[in-house]
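Welcome! Here is a short briefing to help you find your way around a protein model. Keep the structure open while you read.

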Amino acid sequence: MLWKYKAMIAAIVVGGIVLLHFLQTVVWDGTFPMTVTLQATPQVDIAHLKFEACGNQKYADFAMEVGFTEEGLFGDGPFQSTQMLDANTYLVSVPCSGRSGPFEIEYSYIESQFLVVEFKTTDSGNAPPLRKQFSIPAGRGQRSMTITLP
């Protein structure tokens with residue numbers, strides 16, 4: 001009879017461990033690399049290009065209206081990490097986040113939807129910079145897009 005109690009306790013413990021494993025949720029933040037190929041007229045001053053990945057249309061509209069500061073769009077740090085690969089190609093780190101469970105089950109996945117590019121032209125002098133908005137291609141992992149300026 002004692003063995004039945006031991007077996008029941010063992011089953012409860014093992015069941016609790018399995019149940020606990022399924023109740024775990026991991027919240028994560030990260031980035032994915034996006035290659036941006038620039039098709040620009042000679043008037044675009046590529047030395048003054050700035051990229052900002054925006055989570056939604058409202059954020060992108062704000063970026064288009066207000067522009068960027070050296071501290072980033074909301075003063076929350078520098079712009080998206082950008083690496084110039086060659087004269088017309090840039091690698092932009094685009095933020096994403098999500099919630100995952102055990103066995104690589106994804107509960108949610110959120111990524112930036114728009115890319116706002118701020119630039120100056122060679123003849124603009126002290127005029128405010130220009131901005132242009134682009135949709136980020138949907139998908140997972142590394143992406144690429146071609147943009148035309150101005």
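Is arginine 131 buried, partly exposed or exposed? Arginine 131 counts as partly exposed, because its relative accessibility is 23% and the partly exposed class runs between 20% and 50%. Please keep in mind that this is a predicted model. The points below go from a sheet to one threonine, and then to the charged pairs.

**The three-stranded sheet**

- Three strands form an open sheet in the order E2-E6-E7, and their pairing is antiparallel.
- Strand E2 (44–54) and strand E7 (130–135) stand at the edges: each has a single partner strand, so one side of each has no neighbour in the sheet.
- On average, neighbouring strands of this sheet are turned by 25° against each other, direction ignored.
- E2 and E6 run antiparallel and are joined by seven bridges.
- To see one bridge for yourself, look for phenylalanine 51, whose bridge partner in E6 is valine 117.
- Helix H2 (residues 57–66) packs on the sheet and touches E2, E6 and E7. The direction of helix H2 makes about 165° with that of E7.

**A look at threonine 121**

- You can find threonine 121 in strand E6, which covers residues 114–121.
- Threonine 121 is buried, because its relative accessible area of 14% is under 20%.
- The side chains of threonine 121 and aspartate 123 are joined by a polar contact of 2.9 Å.
- Leaving aside residues up to four places away in sequence, threonine 121 touches Gln43, Val44, Asp45 and Leu130.

**Charged pairs**

- Side chains of opposite charge can pair when their charged atoms come close.
- The count of salt bridges here comes to three.
- Arginine 131 forms a salt bridge with glutamate 118, with the closest N and O atoms 3.0 Å apart. This pair links strand E7, home of arginine 131, to strand E6, home of glutamate 118, and the two are 13 residues apart.
- Glutamate 118 is buried, with a relative accessible area of 5%.
- Arginine 140 forms a salt bridge with glutamate 106, and their closest N and O atoms are 2.8 Å apart. Arginine 140 lies in the loop between E7 and strand E8 (143–149), while glutamate 106 lies in strand E5 (residues 106–111), 34 residues apart.
- Arginine 140 is exposed at 51% relative accessible area, whereas glutamate 106 is partly exposed at 38%.
- Glutamate 111 forms a salt bridge with arginine 143, with the closest N and O atoms 2.7 Å apart. Glutamate 111 is in strand E5 and arginine 143 in strand E8, 32 residues apart.
- Both glutamate 111 and arginine 143 are buried.

Technical notes: Residues numbered from 1 in each chain as written. Predicted model: local features only at pLDDT ≥ 70, side-chain atom pairs only at ≥ 80, totals over all residues. Heavy atoms only, no water. Helix = DSSP H or I, 4+ residues; strand = E, 2+ residues; numbered from the N terminus. Buried < 20%, exposed > 50% of the residue type's maximum accessible area, 1.4 Å probe, protein only. Polar contact = N/O pair within 3.5 Å; in protein donor to acceptor, adjacent residues only side chain to side chain. Contact = heavy atoms within 4.5 Å. Pairing = 2+ DSSP bridges. Axes fitted to C-alpha atoms, helices over the stretch in contact; angles between N-to-C directions. Salt bridge = Lys/Arg side-chain N within 4 Å of Asp/Glu carboxyl O.
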